[in-house]
Amino acid sequence: MSGSGAKKDLGRWGEDRAAVFLAEQGFTIVCRNYRNGRYGEIDIIAEKEGLLVFAEVKTRNCDFYGGSLYSISERKKATIRRCARRFLMENRRYNTTAVTCRFDLLYHEKGEIFWVEDIIR
């Protein structure tokens, strides 16, 4: 298997684990791999009691570049915001003052999953 194929498999595995983790926390998975054309993607969108979470998932084998916690650049944050706006425009039931939106990071490290809430303000 090529390196990029292995990387995609690892990413898919991480997203699967993150979706299960969020479901175990009482969230309903609204969407996975939401795409805004060629401009970006949100890994998981989940909802619980009026809270809509746009989650970025990172799964890495090493922390050469500072680990998953430091992997969300300003450019990636802008992409996530743009995708979230598009999702809300397309899904009006979530585009209301009754719904609070939050941007979270779920990442895997040494066999554990970590959840960082509110990564974008």
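A residue counts as buried when its relative accessible area is under 20%, as exposed when it is over 50%, and as partly exposed in between. The exercises below apply this to a predicted model.

**Exercise 1. Decide whether R102 and E117 are buried, partly exposed or exposed, and find what joins them.**

Step 1. Take R102. Its relative accessible area is 15%. Buried means under 20%, so R102 is buried.

Step 2. Take E117. Its relative accessibility is 43%. That value lies between the two cut-offs, so E117 counts as partly exposed.

Step 3. Look at the charged atoms. E117 forms a salt bridge with R102. The closest N and O atoms are 3.6 Å apart.

Step 4. Place the pair in the chain. The two residues are 15 positions apart and link distant parts of the chain. R102 sits in strand β4, and E117 in the segment after β5 (112-116).

**Exercise 2. Find the salt bridges of E74 and E90 and say how far along helix α2 each partner lies.**

Step 1. Recall the principle. Side chains of opposite charge can pair when their charged atoms come close.

Step 2. Start with E74. Its salt-bridge partner is K77, with the closest N and O atoms 3.4 Å apart. Both residues lie in helix α2 (residues 74-90). They are three residues apart, about one turn of the helix.

Step 3. Compare their surroundings. E74 is exposed, at 57% relative accessible area. K77 counts as buried, at 17%.

Step 4. Move to E90. Its salt bridge is with R86, and here the closest N and O atoms are 2.9 Å apart. E90 and R86 are four residues apart in helix α2, so about one helical turn separates them.

Step 5. Check exposure again. E90 is partly exposed, at 45%. R86 counts as partly exposed too, at 37%.

Step 6. Widen the view. The model has eight salt bridges by the distance rule. Some form a network, which links E56, K58 and K76.

**Exercise 3. Describe strand β3: how covered is it, which way do its residues point, and which strands pair with it?**

Step 1. Check the cover. Strand β3 spans residues 51-59, and nine of its nine residues are buried.

Step 2. Sort the residues by direction. In a regular strand the side chains alternate between the two faces of the sheet. In β3, L51, V53, A55, V57 and T59 point one way. L52, F54, E56 and K58 point the other way. All are buried.

Step 3. Find one partner strand. Strand β2 (residues 41-48) pairs with β3 in the antiparallel sense, over five bridges. I45 has F54 as its bridge partner in β3.

Step 4. Look at the turn. β2 and β3 form a hairpin with two residues between them. One turn residue, E49, has a positive phi of about 50°.

Step 5. Find another partner strand. β3 and strand β4 (residues 100-109) run parallel and are joined by nine bridges.

**Exercise 4. Follow F54 from its place in the sheet to its aromatic partner.**

Step 1. Look across to β4. F103 stands opposite F54 there.

Step 2. Turn to the rings. The model has seven aromatic pairs. F54 and F103 form one that is stacked, 5.4 Å centre to centre with 25° between the planes. Planes under 30 degrees apart count as stacked, which explains the label.

Step 3. Note the separation. This pair links distant parts of the chain, 49 residues apart.

Step 4. Check exposure. F54 is buried at 1% relative accessible area. F103 is buried at 14%.

Step 5. Add the neighbours. Ring pairs link Y34, F54, F87, Y94 and F103 into a cluster.

**Exercise 5. List what surrounds E56 and A19, leaving aside residues up to four places away in sequence.**

Step 1. Locate E56. It is found in strand β3. At 4% relative accessibility, E56 counts as buried.

Step 2. List its contacts. E56 touches E41, D43, I72, K76, I80, D104, L105 and L106.

Step 3. Locate A19. It is found in helix α1 (residues 3-24). A19 is buried, at 9% relative accessible area.

Step 4. List its contacts. A19 is in contact with I29, R32 and I44.

Step 5. Gauge a distance. A19 and I45 are 26 residues apart in sequence. In space they are 9.2 Å apart, C-alpha to C-alpha.

Conventions. Residues numbered from 1 in each chain as written. Predicted model: local features only at pLDDT ≥ 70, side-chain atom pairs only at ≥ 80, totals over all residues. Heavy atoms only, no water. Buried < 20%, exposed > 50% of the residue type's maximum accessible area, 1.4 Å probe, protein only. Pairing = 2+ DSSP bridges. Salt bridge = Lys/Arg side-chain N within 4 Å of Asp/Glu carboxyl O. Phe/Tyr/Trp six-rings, centres within 6.5 Å; stacked < 30°, edge-to-face > 60°. Contact = heavy atoms within 4.5 Å.
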